[in-house]
Structures are given as C-alpha cells and as structure tokens.
Amino acid sequence: MCGALRLSDAGKKVVLMGWCNRRRDLGQIIFVDLRDRTGVTQVVFNYELNAAVHEKAEALRNEFVIAAIGTVKRRDADTINPNIPTGEVELVVEELRILNVSKPLPFLPSDTVLANEEMRLKYRYIDLRRDAMQFNIELRHKVALAIRDYLSSAGFFEIETPFMTRSTPEGARDYLVPSRVQPGSFYALPQSPQLFKQILMISGFDKYFQIVRCFRDEDLRSDRQPEFTQIDLEMSYPQPERVWEVVEGFLTAAFRAAGHEIKTPFPRMDFDDAIRQYGIDKPDLRVPAFTDVGDCFAPADLEQLAINKDLPVIAIRIPRVGELSRKERDDIKPLFVSKGGARVFEDFKRIETKFPEAGARVREKVRAKTGAAAADDLLVLVVGSVQSGATGDAHPASKRKVTPAELAIYASAGLLRVALAQKYSDRHKLFQKGDYRFLWVTNFPMFEYDEANKRWVAAHHPFTSPHDEDMDKLETDPAMVRALAYDVVLNGTELGSGSIRIHRQDVQSRIFHALGMTDEEARSRFGFFLEALEYGTPPHGGIALGLDRIVMILAGADSLREVIPFPKTAAAKDLMMEAPTPVAEGQLRELGIQVKK
C-alpha cells in the first residue's frame, strides 16, 4: 500500500497502485506523489535511468490511476519529508502502467480549501478520496466493529429485522413503499425496529442487537438524516441499571477504538433536575449549571426591577469571559430567545447602572451563590416579568413538578446558556478536545400535552413502561406519570434513548387508552402486538443510540454528512444519484398510483 513503505524496505522491488495526488516535472526527473487510503509515497521517473518510462510519465495528471513497479530507495538526507510516514524513502520506477485516466476535476482531493457542500455531494466519489473523509469512514468502521465485538462477547445475538413492514405512524412520518401484488396497500420503512425487537424478547432471544438502518421522513438538521444508522439493543429481565452498564461497556470499547478513554459509570440526573439546572434534557456538562438566585434579592429589589417574585430568577455563569465592552453587552440580547414571559438582563452591570442601590446590594450575594469567584466570570440574569403568571393558565400540564411558567424561564435560560458558551468559546476554554462528559437523564415524563391537537402524546413512545407507583395516575393525572425512560447524553448531544418496556397486555391497553385510542383503533394499529403480549412475555427493556452521531463527535465534525458516505442534503436530496426522481408512467400504473400535482 502507498502508506506502508519504510526505511527498512530500501532495496526491495515493489508494486504500488493508486492515484496521482501531485505531479512535479523538473525536466529530467518527474516526481509523483502516489496516493491510496493508507497514505502517499513519492515515486520517481528518471530520464537517465529509463527514458521510455520517463516519457510515458509526462502524460500523467492529477487523479490518473497507475501501477508503478520499481525499487525502493533511501532518500538523500536533504530531501527527507518528516511530515509523512513514508518520507524517508521513494520508489524509483522501472515500469509504469496507466490503469485509467481522469478528466479535469471540479476540485481536487488534495485541495486545502473545500469546495461548497453541494459540489462535494454531487461529486461525492471525489470528496470521499480526501484524507479527512477517508479518516472518518475508517473511524466509523472501527467504532462499529468495536461495538459488535463487545456485544457479541457479552452474549448478544445480532439479528436482522425487516425493512418492509407495516405503517404505525407515531412521531415522524413514515417512508411508504407501494405493494404491486396488493394494490392500494403499502409497506413502511421502519423508523426503528421497536416492535420487532420486543417480539424477539417474546421469542426467547433474550439479548438482541443490530447496527441497523432506519428511516424518518422529517425535516433535516445538521444532526439528522432521513436514513440513519442506530445501535439497537434489547434485553430480557433487566433493571435500567443493567442496560446502562451494557451501553457504558460498548461506548468504552468504541471510544477506545478511536484512541480515547472515558470514565464509567456515567453520572445520572433526574429529568426535572436537568430542567431546573440546565433548562434542557440534554445538558452539556462542560458548561456550569445555572442557579436560581431569587433569594439573593429583597422583595423591594424584585419589585423595583419588575421581576416576578413567584418565578425563578436564573443566573447564568460563563467562566473567564473577561470584561465586556458596551457593544459586546448589547450583542448578548439578540442571542436571547424568550420561550414565553421570560426576559434577560444582558449583563449584571446593567442592573447596577440602572438601579445602583439594588445592584450593589445583591451583586456579591449572586456571585457567591453562583460560584463566580473570578472577577472575569460573566453573569447574565433570566427572569420572569411581573406580567407573567406564576403557574400559567389552567392547562393540564400545570400539574407537573415544573410548571409551564417556570419551564419558560428554565428553557429560555438553557438556550441562552449554550449560546453564550458558544459565543465566548475562544475565551473560556470550556470545550477542550477529548473532554467527553457523558450523562444519563432518567425519569422522563410519560406523556406530553399536544396543544395543537388537545391531547396527551407519548414523550418517548407508547411502549415505554410507567413507574409502578404512578400507574394509578394514568387516567386521573397523566402529567405526573413518570416513565422508566432514559437518555444517554454527551456534551449536549443526545446519543440515544431507551426504556423499560411494557410487557403486560392490560397495561399496554391502558396506555393506548391514555393516549386517546379507542379499542378499535388500538386493535387496528397494534392488534398483532397486543396479542403477542398475551403469550408469556418476559419483562424487557433496551435502547437505541445513533452511530452517526457518535462518529460525528469522535471525528470532531460539525455535521452528520461528514461521517456518512452517501448522505442527503437538507432538502433530502441525493445530488450524486439525482434522487428522488419521477418514475415512468408505466411503473405508476402497475402500482395503481396516480400522481396529483
């Protein structure tokens, strides 16, 4: 391979095959950097040694594919390239075979300035030749292999589940596949193998896993694709802690394969605590939690500042930001997104300027409570206005431990906390390479209230088991029902979500009823599964993690498209294959489909 030769190979006759990465013609001598996925080797065409081969090499251009046969030679001391592993040797070519030519490329794999993303995706086969993409795809392979090896050694079977199944829409839209032999009927591509893996538990395969493609017809972001790969697993008879132990084990193996050691067990945090401390259920632990500093203010201070005394007064601390100019303080406000009734004091200094007496009185109390020991720590307040109600309107979700009005403050503060940390990342140095902060977020709400449709929906999915002690609240107080659900989070990114499942038919039927399904609708959509639960179903649980997201983080990439060989654009298009595309009228007629514009 082109990256394999070393000084110990000097004198050997070898064959190298690959792409011409770079060509330098010095007249009597032509140098070509020959590249494959392992690296580059300098090959030399010397006119004095072999005029015919030198003449043939004059035709070489970027990305020609060649075979070079010759003898490995030690480079002269002044020509050694210390920047590449093969830099001490070169191949003196005795025979050249041009295996294929290349027309001028829209961009070169060796370019240091990247082409725009659309160009890269249209010519993905060229983009994938770049060193960075070669590294990312190899990293993906190593991570997947380490996970497979770990789970196999732990007694899990890798079992494939169908790609063509029935549509059970719940959450994102399904991709549908028309059936030619059953006109008017459709398969759906699976959003996950959820029901199949639960049925595998009923079937006696007590430890299942699969690195599986899944499909969701949803709007895309940098961390989402319409088809994606997840690490899917299920176990019989587990407590949540057992699932967490397995996940921590295969993540340790995966990160070790990428050259990183991580600490286990991961810390755990209740969902309500995550909201109260971070304003989000996937907190980035590298940035300090925010603090409710309402008790640092006297009632008169709150009244003077028009702050609602019945709502949290949140102080966000970003360490080591330093002194801000007036313009920099003004730049904070556009970062703030109010989730309803929340407002921001862009900088604590604004309070001191407008209300010197109140500002001076509380400044040191707030600094002490937030742990802002350093004078250059940035403090920003997020508060409720006096107009915002303490508990919100008569909304069913107001019975939650965190009320809607409080949630508006926490959520607004959570978004601003992340935005400030990112804005001043070059100052505080919180985001260090290789600093991986994992977290288990537990005890999610079982249900969320859908305002648009005025009904309760499953916060995770309808097959998640509620806590036993909350079963009596299913019909009377669904907002207070906690799920045996858990997410694994890394540096503010949700890697995966799982739960202990419902294994009793009567409980599953109650959950369907709580979600507003009639008996007829439940039987129509999930009758096969309800029946399966009646045939001795063991308790079981599992999880699914996004392989693409894990590799994206390990690669230090900003988008999933950097670690997926053939991704889609934000408009769900494959620019290389020019898909999706209309199909012939005959194909549609055969399927009994008519397209209406």
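Visitor: Which way do β1 and strand β2 pair, parallel or antiparallel?
Guide: They pair in the antiparallel sense, over 6 bridges. Keep in mind that this is a predicted model. Strand β2 covers residues 29–36, and β1 covers residues 13–25.

Visitor: OK, and what stands opposite Arg23?
Guide: That's Val32, over in β2.

Visitor: How many residues sit between the strands in that hairpin?
Guide: There are 3 residues between β1 and β2. One residue to look for in the hairpin is Gly27, which takes a positive phi near 90°.

Visitor: What about strand β4, how does that pair with β1?
Guide: Also in the antiparallel sense, this time over 7 bridges. Strand β4 runs over residues 65–74. If you want a spot to click on, take Gly18: its bridge partner in β4 is Ile66.

Visitor: And where do side chains point in a strand?
Guide: In a regular strand they alternate between the two faces of the sheet.

Visitor: Let's zoom out. How many helices and strands are there in the protein chain?
Guide: You'll find 17 helices and 21 strands. The C-alpha trace spans about 90 × 70 × 55 Å along its principal axes.

Visitor: How much of the chain is buried?
Guide: Of its 597 residues, 49% count as buried. On the outside, the chain exposes about 29500 Å², with 51% of that coming from carbon and sulfur atoms.

Visitor: Last topic, charges. How many positive and negative side chains are there?
Guide: There are 81 positive and 86 negative ones, and the centres of the two sets lie 3 Å apart.

Conventions. Residues numbered from 1 in each chain as written. Predicted model: local features only at pLDDT ≥ 70, side-chain atom pairs only at ≥ 80, totals over all residues. Heavy atoms only, no water. Helix = DSSP H or I, 4+ residues; strand = E, 2+ residues; numbered from the N terminus. Buried < 20%, exposed > 50% of the residue type's maximum accessible area, 1.4 Å probe, protein only. Areas by Shrake-Rupley, 256 points an atom, 1.4 Å probe, with all protein chains shown as cover. Lys, Arg positive; Asp, Glu negative; His and termini not counted. Charge placed at Lys NZ, Arg CZ, Asp CG, Glu CD. Pairing = 2+ DSSP bridges.
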